[in-house]
Structure formats: structure tokens, C-alpha cells
Amino acid sequence: MHEFAIAQDIISSLEQNLSEEFSLITSINIETGAFSGIVADSLVFGLETIFAEKQIKNVEVNIAKIEAKAECECGNTYKLEDIFELCPKCGSATRELNNGTEISVKSVNIKEDNDE
Ligand SMILES: [Zn+2]
């Protein structure tokens with residue numbers, strides 16, 4: 001399962017970056033591009049499963065989908081709703097995709113010491 005492998009990658013980089021604070025995670029916010037091919041529910045399930053295996057309870061997983069933008073060879077930038085969409089200005093299919101395919105962890109919240 002593709003999403004499970006991604007969940008494992010996310011968790012291991014969090015473990016590296018947060019070291020001992022990793023066990024204090026309360027929520028995690030992730031952004032996925034519209035064309036990343038990620039099934040959000042599967043990614044949430046994967047993350048929750050791994051957090052549970054590591055005895056970290058009640059982590060809230062939020063996944064936001066971000067829209068893809070394309071920059072055409074003519075210089076026009078447009079929002080891409082369909083991967084087969086052509087540039088509305090010149091009709092070209094030669095473009096650079098921005099934000100469409102990546103998955104990134106935007107923020108992580110850590111439990112404060114003052115609550116039990
Ligand atoms: Zn164009």
C-alpha cells in the first residue's frame with residue numbers, strides 16, 4: 001500500500017527531527033498536491049496505525065489538499081483542475097507543475113508540559 005510507505009517515511013523523518021519530543025505529538029498537519037495520487041483516508045489510517053504502534057495516542061491527523069498550478073511555456077500561470085488541461089491562453093501542454101504532486105508536513109503540534 002502506497003500510502004502506508006509514505007506514512008512510514010513521514011514518521012521516521014519526524015522521529016529524527018523531533019527526537020524525544022516525538023512522543024509528545026498531539027497533531028500533525030499535512031498538505032498533499034491535487035495530483036499526488038494520495039488517498040487521504042489511507043494516509044490518515046497509515047499514520048494512525050504507526051503512531052499507535054509507537055504508543056503515541058490520540059494524534060490528530062489533518063490532511064489538506066492543495067491545488068495544482070501550472071506555468072506554461074508562454075509564461076501564463078493557471079490553476080490546473082485536470083491533468084490533461086491545456087493552457088487557456090495558448091493551448092500548449094508544455095508546462096511546469098507547481099504544488100501538484102508533493103506531500104509535505106506543514107506543522108506538528110507538541111504537547112505542553114503543563115497539562116497532565
Ligand atoms: Zn500558454
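Glutamine 55 is placed in the loop between H2 and E2. In this predicted model, glutamine 55 has a positive phi of about 65°, although it is not a glycine. Its surroundings are sparse enough to settle its class: 7 other C-beta atoms lie within 10 Å, so glutamine 55 counts as exposed. Serine 19 presents a similar case in another connection, the loop between H1 and E1. Serine 19 is not a glycine, yet its phi is positive, at about 40°. With 9 other C-beta atoms within 10 Å, serine 19 is likewise exposed.

These two loops belong to a chain with 2 helices and 6 strands. Followed along the sequence, the elements come in the pattern α-β-α-β-β-β-β-β. The radius of gyration of the chain is 18 Å, whereas the globule rule gives 13 Å for 116 residues; the chain is therefore more spread out than a compact globule. The extents of the C-alpha trace along its principal axes are about 60 × 30 × 20 Å. Of the 116 residues, 16% count as buried. Among contacts with a separation of 6 or more, 69% are between residues 24 or more positions apart.

The two helices meet in the nonpolar core. The largest such core has 6 residues, namely Ala7, Ile10, Ile11, Leu43, Leu47 and Phe51. At least two residues of this core come from helix H1 (2–18), and at least two from helix H2 (40–53). Leucine 43, one of the core residues, can serve as a guide to what surrounds this part of the chain. When its neighbours within four places in sequence are left aside, leucine 43 is in contact with Glu3, Ile6, Ala7, Ile38 and Ile63. Of these partners, Ala7 is itself a member of the core.

Helix H2 also leads to the sheets, for H2 lies across E1 and E2 and runs at about 150° to E2. E1 and E2 belong to an open sheet of 3 strands in the order E2-E1-E6, with mixed pairing. The edge strands of this sheet are E2 and strand E6 (103–110), each of which pairs on one side only. On average, and with direction ignored, neighbouring strands of the sheet are turned by 15° against each other. Strand E1 (residues 25–33) and E6 run antiparallel and are joined by 7 bridges. Within this pair, serine 27 has asparagine 109 in E6 as its bridge partner.

Isoleucine 66 offers a view from the edge strand E2 (residues 60–66), in which it lies. Is isoleucine 66 buried or exposed? A residue needs 20 or more other C-beta atoms within 10 Å to count as buried, and 12 or fewer to count as exposed. Isoleucine 66 has 16 and is therefore partly exposed. Leaving aside neighbours within four places in sequence, the contacts of isoleucine 66 are Glu31, Gly33, Ala34 and Asn99. Valine 44 is 22 residues away from isoleucine 66 in sequence, and the two are 16 Å apart in space, C-alpha to C-alpha.

A second sheet remains to be described. It is open and has 3 strands in the order E4-E3-E5, with antiparallel pairing. Here E4 and E5 are the edge strands, and each pairs on one side only. The twist from one strand to the next averages 30°. On one side, strand E3 (residues 68–72) pairs with strand E4 (residues 77–80) in the antiparallel sense over 4 bridges. Alanine 70 stands opposite tyrosine 78 in E4. The hairpin of E3 and E4 has 4 residues between its strands, and in it glycine 75 takes a positive phi near 100°.

E3 also runs antiparallel to strand E5 (residues 95–98), to which it is joined by 4 bridges. Two successive positions illustrate the register of this pair. Glutamate 71 has glutamate 96 in E5 as its bridge partner, and cysteine 72 is matched with arginine 95 in E5. In a regular strand the side chains alternate between the two faces of the sheet.

Methods: Residues numbered from 1 in each chain as written. Predicted model: local features only at pLDDT ≥ 70, side-chain atom pairs only at ≥ 80, totals over all residues. Core = buried A, V, L, I, M, F, W, Y, C linked by C-beta atoms within 7 Å. Contact = placed C-beta atoms within 7 Å. Rg over C-alpha atoms; globule rule 2.2 N^0.38 Å. Pairing = 2+ DSSP bridges. Axes fitted to C-alpha atoms, helices over the stretch in contact; angles between N-to-C directions.
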